[in-house]
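Student: I would like to learn how to read the features of a two-chain model. Could you take me through them one at a time?

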Amino acid sequence: MTDFFANLVTGFGIAVTPMNLVYAFIGCLVGTLIGVLPGIGSVTTVALLIPITFGMNPTSGLILMAGVYYGAMYGGSTTSILANIPGESSAVVTTLDGHPMAKQGRAGAALATAAIGSFVAGTIATAGLMFLAPSLASVAIRFGPAEYFSLMLLGLTAVSALGGRSVVKSLISMCLGLLLGTVGLDMGGFPRFNFGVVELYEGVDFIIPAIGLFAFGEALDQAAVVRRKQMTHFEFKGRAWLTREEFRKSTAPWLRGSVLGFLVGVLPGAGATIASFFSYALERRMSRHPEEFGKGAIEGVAGPEAANNASVGGAMVPLLTLGIPGSGTTAILLGAFMMFGLQPGPLLFQKNPDVIWALIASMYIGNVMLLVLNLPLIRLFVKLIDVRPAVLVAAVLVLSTVGVYATNGRTFDLWLALGFGVLGYLARRADFPPAPLILALVLERSMEDNFRRATTLSDGSLTIFVSRPISAAILVLCVLSLFSPYLQSWFLSRRSARGEPAIGRS
Amino acid sequence: MRNTLRSSSRAALGVVAVLAVLVATALGASAEWAPKGNVSWMAGAGPGSGWDTTARAALQAMTAHKVLKHPVTVVNKPGGAGAIAVAEMVNQHKGKDDVILVTSLPLITNKIMGTSPYGYKNLTPIVRLAATHYLVAVPANSDIKDFKDLIARLRKDPKSVSIGGSTPPADDWAAAMAVFGGAGLDVTKLKFIGYDGAQVAGALLGGHIQAAVNTVGEFAQHVEAGKMKPLATTGPEREPKFQSVPTVKESGVDVVFMNWRGFVGPPGMPKEALAYWQQKFGETVKTQTWEDLRARYSWADAFMADGFDRFLAENDRLMSDILKNAGVFKKK
């Protein structure tokens with residue numbers, strides 16, 4: 001244990017040199033900006049930094065890139081909340097309650113809870129990375145194909161928390177997402193359902209439907225009524241901070257989201273997006289007023305935002321201890337490590353302890369920097385939406401278009417996003433929730449691939465999903481998750497039938 | 001529009017030809033040709049991908065040793081497992097001398113599988129820069145003794161050992177198919193589990209699969225950490241890193257398998273430009289920076305300029321056989 005703190009002190013010693021502090025700051029700033037801009041994700045940015053950082057001291061280079069990575073997670077919530085544009089894939093859920101909050105004039109509170117939640121999560125996850133990395137990594141690799149399939153299935157049950165009033169409409173939206181997920185090269189190496197369109201070989205990058213359904217859909221919806229009725233002007237009321245009540249409501253979701261996000265992040269291939277969806281579903285389940293979700297519940301912002309940030313720390317666990325990247329960005333970071341002549345994996349902590357501990361120390365420092373950087377920015381951001389609605393709608397369209405194009409640099413994607421925009425508009429009119437589609441699209445590939453792997457291993461037998469203890473336990477959670485609302489109301493009705501008070505007994 | 005483009009490019013070709021003749025007569029046949037302006041190196045996948053890394057590594061070595069005097073931009077054109085970039089080379093850059101493409105095995109496999117209308121025959125092969133070799137490994141505590149033992153078990157019961165690798169038609173998948181197919185096994189009967197390349201190591205360490213084939217670079221650290229037992233490598237000789245590990249060939253299976261990475265030019269690339277790039281890449285692979293980068297990424301030295309086109313033809317036959325034997329590719 002003394003070793004441990006000696007290491008950390010050494011790490012801080014390296015990380016707080018003026019040069020490294022500057023790099024951490026630049027990383028955080030760039031990360032926040034690209035997080036704010038939709039389409040340009042942390043994957044692309046870190047990748048572009050690789051050639052630039054060549055020749056730099058490895059520690060400084062990694063501090064810079066790690067700064068970008070978690071900075072992007074901070075920034076991703078901004079456009080989700082203000083303009084209903086998910087800036088990062090992991091910020092899709094943030095739109096669900098963040099944007100309604102902004103419409104109610106509570107953008108400041110939404111942004112603040114996201115920023116503080118990210119800070120809490122970043123700190124907890126870094127501590128988790130520091131204390132638990134080796135033991136967690138050995139648990140993570142025990143997740144095989146059967147476990148991943150069950151986990152993705154559990155992810156799908158979150159759909160019930162994402163929908164509106166109609167379960168059927170949620171399921172239809174989910175099925176569309178699953179179908180969309182089958183487009184592109186399958187495990188056998190052949191493209192499916194791409195109808196000869198080369199741009200669809202690698203499937204539909206889900207940022208396109210995300211921006212299409214949410215941002216374009218919303219913009220079209222606004223534009224449709226712009227002449228007919230007085231549009232709701234986003235008024236910014238109150239402070240760019242949380243009230244005591246909001247702070248109280250956010251605390252538990254921050255903590256739950258942090259732990260959940262970290263654990264999901266540790267599993268290679270799960271990642272920030274799934275973590276944020278899980279957290280949202282969990283918060284809605286735990287809430288005493290689930291009906292407020294989707295209409296501006298602050299817990300629906302606090303939890304997922306903490307979760308997606310914590311997953312960054314989690315994703316570092318398999319990367320640093322096993323050399324296995326758990327997300328797109330960590331895959332690029334792996335490349336960066338190798339460029340610096342460092343091999344992440346079992347030997348890294350022994351061979352290059354200074355780099356690792358400096359990186360961990362910089363994650364603490366970066367978190368503080370991001371909080372200091374982001375809280376004043378909130379004041380600035382909330383002013384941005386204080387413009388005429390027509391102007392705002394136009395700005396949303398421009399920003400979304402740039403975001404879609406920036407993803408792959410293809411005009412085809414613009415048409416696709418526009419198509420999804422029309423779909424989003426119609427869905428909005430018919431009261432279909434778009435979030436289940438996005439969730440299903442994210443989960444489909446991993447679910448399908450792991451199903452195929454698992455059944456190949458078991459020679460086609462489905463018992464592999466229940467005979468493996470971890471997988472079986474997750475499946476039990478699936479069942480509980482699906483039926484918990486019914487069980488709950490059944491219990492409540494039985495109690496009230498017996499004349500007992502339904503709530504407030506504990 | 002297309003016609004004007006074509007005629008203007010034809011006109012440009014004409015001008016180039018005239019200039020070439022003039023220069024050749026003025027200076028003799030060994031005239032120094034060099035690109036006139038900015039040169040683009042295309043990569044058919046995003047930043048950080050294998051192609052992108054290859055291009056930037058080569059550029060790095062060139063810049064560090066001042067091999068080039070003019071600016072080069074790496075242009076990422078992701079899509080269709082590289083097919084989009086290849087199509088752009090064929091359709092839009094015909095006859096040009098200022099754009100080349102970094103490529104590898106998918107150039108061959110995409111064409112065979114029909115996922116790209118164009119293959120190496122539609123382009124101008126320039127150089128093979130480096131190669132990747134593969135390692136067959138089992139977990140450290142496995143009771144499989146060596147490569148021969150593994151093959152013997154599979155021969156007895158092809159389903160007795162689950163094997164992990166990438167999904168077809170990726171390079172490490174092809175390596176596995178080449179090795180086990182070369183051993184006389186019916187690869188369609190194997191219990192082969194395809195993963196995203198980077199996840200193979202985790203699956204093997206977690207005990208979900210009993211053997212795996214992946215690049216030497218990706219498995220090296222786990223072998224060094226004592227978590228994996230290396231059985232055999234697929235290169236022509238033993239790996240510098242693992243002198244004690246026999247090659248597949250030494251172990252009685254007559255197979256050498258490597259992925260290659262290199263550069264190709266657009267169709268009808270001028271001869272001077274071809275010679276120029278071959279010479280420049282030849283200089284690059286001799287630099288210390290390139291040596292260092294190669295070691296870092298575990299790329300084997302495999303530079304080849306003349307004969308690269310013959311190598312590609314050979315590679316094309318090899319991959320056709322592998323894909324057919326694996327039952328992935330059924331057409332024709």
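Tutor: Gladly, and let us begin with polar contacts. A polar contact is a pair of N or O atoms within 3.5 Å; within protein, one atom must be able to donate a hydrogen and the other to accept it, and residues adjacent in sequence count only if both atoms are side-chain atoms. Before the case itself, some ground rules: this is a predicted model, where local features need pLDDT of at least 70 and side-chain atom pairs count only at pLDDT 80 or more, while totals for chains, interfaces and linings use all residues. Residues are numbered from 1 along each chain as its sequence is written, chains are lettered from A and ligands numbered from 1 in the order in which they are written, and side-chain values use heavy atoms, with hydrogens and water left out.

Student: How many residue pairs are in polar contact across the interface of chain A and chain B?

Tutor: The rule finds nine such pairs, both residues being at pLDDT 80 or more. On the side of chain A that touches chain B, α3 (42-53), α14 (328-339) and α19 (435-457) each supply at least two residues; helices here are DSSP runs of H or I with at least four residues, strands are runs of E with at least two, and both are numbered from the N terminus. The most comes from α3(A), with four residues.

Student: Which residue of chain A does the side chain of Gln221(B) reach?

Tutor: Its target is the backbone oxygen of Pro344(A), at 3.3 Å. Gln221(B) sits in helix α8 (residues 216-224) of chain B. With 5% relative accessibility, Gln221(B) counts as buried, where buried means under 20% relative accessible area, exposed over 50%, and partly exposed in between (1.4 Å probe, protein chains only).

Student: And how should I read the contact as a whole?

Tutor: Contact means heavy atoms within 4.5 Å. Here 42 residues from chain A and 40 residues from chain B take part. Buried area is the accessible area (1.4 Å probe) that two parts lose on being put together, summed over both. For chain A and chain B this area is about 3300 Å², with carbon and sulfur atoms giving 62%. In chain A, Phe190(A), Arg453(A) and Leu457(A) lose the most area to chain B, together 16% of what that side buries.

Student: What about charged pairs?

Tutor: Side chains of opposite charge can pair when their charged atoms come close. A salt bridge is a side-chain nitrogen of Lys or Arg within 4 Å of a carboxyl oxygen of Asp or Glu. The rule finds two salt bridges across the interface of chain A and chain B. Lys351(A) pairs with Glu224(B) at 3.6 Å, N to O. Asp459(A) and Lys191(B) also meet in a salt bridge, at 3.6 Å, N to O. Asp459(A) lies in the loop between α19 and α20 (464-467) of chain A and Lys191(B) in strand β7 (residues 191-195) of chain B, so this pair joins two chains.

Student: Are Asp459(A) and Lys191(B) buried or exposed?

Tutor: Asp459(A) counts as exposed at 52% relative accessibility, whereas Lys191(B) is buried, with a relative accessible area of 10%.

Student: Where can I look for a salt bridge inside chain A?

Tutor: Try Glu218(A) and Lys103(A), whose side chains meet at 3.3 Å, N to O. Glu218(A) belongs to helix α10 (residues 207-225) and Lys103(A) to helix α5 (residues 92-103) of chain A, so the pair ties together parts that are 115 residues apart in sequence. Glu218(A) is buried at 7% relative accessibility, while Lys103(A) is partly exposed at 37%.
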